Amino acid sequence: MTVAMSRPMTAPTRPLKKRAQSAALWFTTFLLMVIMCVPGLWVVLSAFRPNREILAKPPIWVPTEITLGNFAKIFGFGAEQVGIPVTSYFMNSMVIALTSTVIALIIGMAGGYAFARYRFRFKGGIFLGLMLFRAVPGIALSLPVFMMWSRLGLIDTQMGLIIVYVSLNVPFTIWLIDGFFRQIPMSLSEAAQVDGCTRWQAFWKIEFPLARSGIAAAGVFAFLTSWNEYALASQVTRSTDSKTLPVGLMDFTAQFTIDWAGMCAMAVIIIVPALIMTFLVQKHLIAGLTFGGVKG
Amino acid sequence: MTLKTAKKLSLGVAVAALCAGSAVAQDFGSFPGYTLRVKLIGGAQYEPLYATIAEWEAATGATVEILSRKNHFELDREIKQDIAAGTLDWCVGSNHTSFAPQYGNIYTDLNALIPADVLAGFTPLMLEHSTVDGRLVQLPRHSDVSNMFYQKSLFEDEANRTAFEAEYGYPLAPPETWEQVSDMAMFFANPPDFYGFQYVGKDEAVNGRFYELLVANGGAMFDEDWNPTFNSAAGVEALSFFVDLYEAGAVPAGVPNYLWDDTGLGFASGTVAMDLDWGGWSAFFNDPANSQVAGNVGVIRAPMGSAGIRTGWSGSHSFSITEGCDNMEAAASLITFLTDPDRQIIEARMGILPTRDAVWDTALAEFEASGNTFMTEVFSTFRTSMAEDAFTVPLIPEWIEVSNVMWPEIQAAIVGDKTAQEALDDAAEAAAEIMSDAGYN
Amino acid sequence: MPRILTTKRGNWTPVLLLMPAIVTMLFVVALPLIFSLYTSLTAYRLVRPETLWDFVWFRNYTRLFTDWDFWVAFGRTILFLTIALNLEFILGLGIALLIARITWGQRTLRTIMMFPMMFSPILVGFMFKFIFNDNIGILNNALQSLGLTDRAIPWLVDAKLAMFSIIFAEVWMSTSVFAILLLAGLFAMPRDPLEAAKVDGCNSWQVFRHITLPFIMPFAFIAMTIRSLDVARAYDIVHVMTGGGPAGRTELLWTMIARTGYSDARMGQANAMAYVSTILSILFTWYFYNKLMAARRYMGGVQ
């Protein structure tokens, strides 16, 4: 190896340059993070302030009054209004998002594996076809879906919305997981099979763990898409039997009064579980770095 | 309304309701074991009324199943979907006078269902607005009209008075005509910190505002043959009001994108001198927790246009019963209950305008007795407007569609892409096409 | 060259594996699609269900071809998509690269990076509508407080600024999607080629350009394709922020379709528009699909 000879050693300047680079790196990252977070943080902060302060002009930058009143209103402790059935909406959202994510992942893994590992007739066609179905604008779908669902008795049921969300997420999960499976060399699976595993066992022992980051990413996207989706949910849900949080949020905004602080409070209730869920899944997003040794 | 007052009021209502329990049973019939399916408009200000549904259930033995509770536009969409899919398997729905004509004949004529003496308790003008093609398709729950809110301190300030009179030649006082509004708006404006006036700038909202000014200037949307006539001189004058204020910077530059929440919150933030707005906002404007101008709000009857007519665009929220309802009496009973005096007073106390003369009287008396000068002033002003100035948009199914071709043109004029006459002419052309497609001429 | 399985005659495994996906899509999407196609050939109006049988053949489509407003909206939508997707890719890539280099507090950083994804599109719309409000919005307030301007900038009214505002909102919402995908791709990258390159004396830029970038391009194209299909979610943002106005300055295909279909209740016409815009989506998808295949061929992977 020519390493040692070809690189001039400039010991004194190197640590300084490295530190400067590191500092620049941190600074840029910090700046980008700030831009990404500021609007969202403003919403979160507004949830704890009265309407009067949020929209004041000249603006009140430092909050003089922090209140939980907005949350109290939502849960029904305010004197004037009945609360919103937030717990029902929350349960619905949770059940629907989790179930549709799990189903979409299973279908996605099956489909992704098929595309990554096999060559078969119409493969390109089916691949493209699945994606093109996704190309249809929601507007064109929403009325027919409503009509079909109402004939099938799926309106205002959790299952009805779950089915819709699965179809929403399947193309993406298939594509993504397919991409990750492709990066895993066949030789690993074959080596395991030589050692006595069946294809099925080899899949779960070798390929599944290695594609973990892709599956986790797909899972996170599917979950967040279902958790935050509004348009189709408002078509298919009606009552607390199946209504999800985003629909509840929109209902909260009456025609005249946009209670901005109240809306922010509702937004916080929607964001926090998603944030927690994402944080928990984070560790699976790093692929096992060990497999990098075999290129195949 | 403070927390304490509201708590007291709710307690009072609860007690009154308990006492009135037996009276309720007498009036509203008996439907044991029946489930009444309803779709209602949702939103913070409408909820307290729905809390009283339990009393009706107790009195009649029926159960109310609320299938949907959404905001207005979503509810409209849902109802249209139901019409399309044929899933009109519910009985009672929230409705609105501006939207009602679109729905065709899905709602039944209440003249045949509700006894005349009950209907007599409503303000006649309200029932008139609720009639489409001679059929009373909805029972009005509450109405709204706009009057001019303003910051009192600005008009009382001596320096302002002297300066204004010097510049414009007449004394500064809350405006009586729209021309005065224009003058005062330009006088007060100090962009970007302060504005003299504001208005909504998109959707049916701006179209409604244009329409009422058109009428106030002596114009009309259509003639007897349903040809569009809003591009007349009166129309150009009306549109020029909006355009001139925008050009002069007397209104916030963002008004082409404003809807009701923007104007309401804008006035509450204390950055606008005058605001033509709905009665339903009055409690919000005077609430220190929500508004910077609380305690400083004055209200005056809507100004007059050049024809001496006051603007008075009005709409009512209402309840309707579907033709396919399987138990019309129960449905009629519920909507009668929800709009009867004891229920309307609950909403009136929050500043929502009632549709019954008797309730106006009671509410005003209550406000006066409790020393709430602001709400007394608001209610007496709005009562006069509702009785004398209020008018609806043309109650035809094509209104929304015509409105949708008009407001982009109105916006184009406001932001200066076209002249007022050009914009209105283009809109008239498109509107004429819609009307002839629909078979009017 | 990695070997792959070829299907012998009668090997139904891949078909079986794909069955659930195909069935789901056919059921939920294909049937409604056919219905929409049918209604686009009628004068169907939502509030008069009997018009469903009122066949007018291609009248809706011919009306579209002479409708100048429609084509302007079409062009504007293409512009919107192109700018938004490119920005999201570049910014997402930048963020992913930066975060990949930092080792301390990775997990927290990744969660923070995904923060915008926690927001429902309608919430994003309302949020930016208020931020960009010219009178009481915090952006103008901040600019004025800092003395950078003495005007109330009409972010949602001026033609160029309004487009900027909605693109900003859309990019804010979706850059995280690219970032997390590219980050996952970076982590899945084998280390060997990188180390070999460094050992051979390549500088960071060369390593990036010739090794990292081609490797993650397939992920990028997947993300782009899905984003371009999915960007109809931007409808919620635009609808809330500007409603397509003022004076049609930010009118995109979806706001036009929604208004025609639901507000005007002209469902037949709206579906015709939807089908034309589907062609647009298909073009984008086709484009990125080909790029994806090309990238895969370049990497010598399975096809």
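**Note on chain B and the A–C interface**

1. The crossing of α8(A) and α1(C) is left-handed. This is a predicted model, and every remark below should be read in that light.

2. Geometry of that pair. α8(A) covers residues 158-183 of chain A. Its axis and that of α1(C) come within 9 Å. They cross at roughly 130°. An angle between 115 and 145 degrees falls outside the parallel, perpendicular and antiparallel ranges, so α8(A) is oblique to α1(C).

3. Residues in that contact. From α8(A) come I163(A), V164(A), V166(A), S167(A), V170(A) and I174(A). From α1(C) come A21(C), T24(C), M25(C), V28(C) and V29(C). By class, 9 are nonpolar and 2 are polar. No charged residue takes part.

4. A second helix pair joins chains A and C. Here α11(A), residues 212-228, packs with α7(C), residues 159-187. The angle is about 170° and the axes lie 9 Å apart. Angles over 145 degrees count as roughly antiparallel, and α11(A) and α7(C) are therefore roughly antiparallel to each other.

5. Residues in the second contact. α11(A) supplies S213(A), G214(A) and A217(A). α7(C) supplies I180(C), L181(C), A184(C) and F187(C). The split is 5 nonpolar and 2 polar, again with no charged residue.

6. The interface as a whole. How many residues of chain C are in contact with chain A? The count is 85 in chain C, against 89 residues of chain A. On the chain C side, helix α1, residues 13-40, gives the largest share, with 15 residues. That side of chain C divides into 61 nonpolar, 17 polar and 7 charged residues. Charged residues do occur on this side of chain C, although the contact of α8(A) with α1(C) has none and the contact of α11(A) with α7(C) has none.

7. Chain B, fold content and dimensions. Chain B holds 20 helices and 9 strands. Its C-alpha trace spans about 70 × 55 × 30 Å along the principal axes. A compact globule of 441 residues would have a radius of gyration near 22 Å, and chain B, at 23 Å, agrees with that.

8. Chain B, packing. Of its 441 residues, 54% count as buried. What share of the contacts with a separation of 6 or more joins residues 24 or more positions apart? In chain B that share is 74%.

Methods. Residues are numbered from 1 along each chain as its sequence is written. Chains are lettered from A and ligands numbered from 1 in the order in which they are written. This is a predicted model: local features need pLDDT of at least 70, side-chain atom pairs count only at pLDDT 80 or more; totals for chains, interfaces and linings use all residues. Helices (H or I, at least four residues) and strands (E, at least two) are DSSP runs, numbered from the N terminus. The radius of gyration is taken over C-alpha atoms; the globule rule is 2.2 Å times the number of residues to the power 0.38. A residue is buried if 20 or more other C-beta atoms lie within 10 Å of its own, exposed if 12 or fewer, and partly exposed in between; C-beta atoms are placed from the backbone. Two residues are in contact if their C-beta atoms, placed from the backbone, lie within 7 Å. Ala, Val, Leu, Ile, Met, Phe, Trp, Tyr, Cys and Pro count as nonpolar, Asp, Glu, Lys and Arg as charged, and the others, Gly among them, as polar. Axes are lines fitted to C-alpha atoms, for helices over the stretch in contact, and angles run from 0 to 180 degrees between N-to-C directions. Angles under 35 degrees count as roughly parallel, over 145 as roughly antiparallel, 65 to 115 as roughly perpendicular and the rest as oblique. A crossing is left-handed if the near helix is turned anticlockwise from the far one by less than a right angle, and right-handed if clockwise.
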